Structure formats: C-alpha cells, structure tokens
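User: Could you help me read a protein model? I would like to start with the cysteines and then turn to the pockets.
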Amino acid sequence: MRNGMHAAAVRLAALTLLGLAAGARAEEVAPLPEGGAGIAARYPGDKGIEGAPAVLFADDFERCSSIDDLSPKWDVLTNKTHLSIAGAADNRPGRGRSLMMTMPRQAVPLATGVSKLLAHTQNILFLRWYQKFDRDWFVPDGSVHNGGSISSRYNDHGRATPGIPADGRNKFLVNFENENSTGDAPGNIDFYVYWPEQGTQWGDHFYPPGTVIPFSERRSGEATFGKQFVPRPDFTPQLGRWYCYEFMVRANTPGRRDGRIAMWVDGRLIGDFPNMRLRDVADLEIDTFGLGVYIASNPKRENRKWVDDVVAATSYIGPMAASD
C-alpha cells in the first residue's frame, strides 16, 4: 500500500509539473448565474425551448409511448430492458411522462441509461434535467454512479474506459452524481472526474466544500481549485422528491487553468470548481452527454429513479419557468 501511495504521489507531482511547464496558471473566476437567469426563463413550461439559439438538445419524453420512441433523439440506450416510460402517477405535477430506470435486485454489476453523441463537439456544455429517486432507494455498499455525465472521448468504440487515467490528450469525464458511501441515501452530491491530475487510475471525487478524494489532506480546497475557490455545504437530496439538477463543464484553454465545472440544484449554485486543467490539446472537446445508473452490487432491493425535461445548451439553462 505504501508503495502504491508513493507511486501515486510521484505521478501527481509529475502531472502538476507538466501543467506548469505548459504555462498553466490560475485564472480570474467570474460569477455564475443562478435561479431564473437562464434560458428556461424565456420559455415557460419549456415550450419551444429546443428552438433557443444556445440549446443543442431537449427531450421531455411526452412524445414517448414506449422505449423504442427514444431512439430518434438518443443515440445510445444502455440495457434498454431496464428503461421504461412512466405515466403521470410518478411524475411532477403537470407533466405526463418521464423516463424510469429500474435496477433489479442482484449481486452483479448493471448499468442502464441514455446517451447523446454531439454532432458538433463543444468546449462548454450545460446539462439540465429533473430527477427523483425511489422513496426507499438503498444500495448497501460498493460502486454506484447515478446521475448525469459530460465527457470527451471517454467511450472507445462505444465502450466506457474506467481505470484508464486521463492524461490531457486521451479523454476527460465529469459525472454529476450522488456518492453512495457518504451521507444518507442516495449519498452526498459530488463530481466524479477523470482529468490529468487525478489521484489514482480510478479518478477523483469533488465535493462542494472542496474535499477532493483521494488524498484529501493535501489536495482539497485551494490546493486543487485555487485561492478564489468558495467552499459550500454538502448536499444530499431527499428520496421520493423531484429536483432540478444542472451542471456545467468548460474545457480549459490548453496551457491555461481556465477550465471550470459547477453544479446547481433547483437553480441554486451548490458547487463551483475553477482552476481546472481538463486537457492539453485543443481537439479534446466535449462529444457526449448522458443520464444513467450503474450499480456494482444491488442485493437488497429493486431500486428505481426517474428523469425528465432534459436540456443541453451552451449557456446556463435554469429551472423550468411556470407556464400560464
């Protein structure tokens, strides 16, 4: 274990030096919008939001009567037998249908979800969606990924590449999710990140207070995110309740630390991580986003969650505005 930790420390130091050698430096941190200051405010009920100039994608699932109806908009349906279209009883008031993801009781790994491949890659992307966990959601231990993802070249010919470190040239990944091992079920919200300065081959976890795992003692707060980092409290969503989630990934200019990732819940900024180096080459751009669930072992009960009203854009979206 000591040898492994020493090797990881050496690798981290080398990566940091590489970033500095490339001219990386901390950047000014501009305020981020919150609340109703986004695209959705101009489209009550999200009606017509897909036509907004900054919007790249929108799906409210209202046109779907079966899973086959997802295909015109979504490029990848992972284990689609575990996806279904939920009726009004499970949905937010005034919304007729949503996408339900069901994880059966079993002790072997399973993933399900939907993904979109961008026709034109981007340097910045905002992904907003509504989500609700089952009232009795519970996974006793093990690896769980259960939110949204924004990535660049993370999938190799359609297959994910966990355990292969990001090196600034090959890929990056940012998952906005709940960490199963922290807080009450479903866990504290965090970012799961593959980036060139990750602490181990399995990536990092960033929490709103600035905690970075692994090696939190020397990597948290200003050590990774710079002197302008603002810590915020941890947040765990209530089970059985709909929330509006949104996150942003901005890829840095190669040679500079002007990358940034941030998270909102119900329009409130709950985590902001500046000073990020996600890439060292300009052609490593955002090419995929998605929503899903992965559970390594789910032996206690069937778990379900619902997602709805998905929008992807190049600027802040915000919660859905009330319709007349």
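User: Is Cys 244 buried or exposed?
Analyst: Please keep in mind that this is a predicted model. In it, Cys 244 is buried, with a relative accessible area of 2%.

User: And what about Cys 64, buried or exposed?
Analyst: Cys 64 is buried as well, and its relative accessible area is 0%.

User: How many disulfides are there?
Analyst: The count comes to zero disulfides.

User: Why is Cys 64 without a bond?
Analyst: A disulfide requires two cysteine sulfur atoms within 2.5 Å. The closest cysteine sulfur to that of Cys 64 belongs to Cys 244 and is 20 Å away, so it is too far for a bond. Seen from the other side, Cys 244 is in no disulfide either, with the sulfur of Cys 64 as its nearest cysteine sulfur.

User: Let us change topic. How much space lies in the largest pocket?
Analyst: The largest pocket holds about 1000 Å³ of space.

User: Which residues lie nearest its centre?
Analyst: They are His 145, Tyr 154, Ala 160, Asn 175 and Tyr 294, out of 42 residues that line the largest pocket.

User: Which element gives the largest share of that lining?
Analyst: That is β18, which supplies seven residues. Other elements that give two or more residues to the lining include β5 (110-122), β11 (172-179) and β12 (188-194).

User: What is the lining like by class?
Analyst: The lining of the largest pocket has 21 polar, 16 nonpolar and five charged residues.

Technical notes
Residues are numbered from 1 along each chain as its sequence is written. This is a predicted model: local features need pLDDT of at least 70, side-chain atom pairs count only at pLDDT 80 or more; totals for chains, interfaces and linings use all residues. Side-chain values use heavy atoms; hydrogens and water are left out. Buried means under 20% relative accessible area, exposed over 50%, partly exposed in between (1.4 Å probe, protein chains only). On a 1 Å grid over the protein atoms alone, a cavity is a set of points where a 1.4 Å probe fits but cannot get out, and a pocket is an open set with protein on both sides within 12 Å along at least five of seven lines; lining residues have an atom within 4 Å of a point. Grid points are joined across faces, edges and corners, and a volume is the space filled by probe spheres set on the points. Helices (H or I, at least four residues) and strands (E, at least two) are DSSP runs, numbered from the N terminus. Ala, Val, Leu, Ile, Met, Phe, Trp, Tyr, Cys and Pro count as nonpolar, Asp, Glu, Lys and Arg as charged, and the others, Gly among them, as polar.
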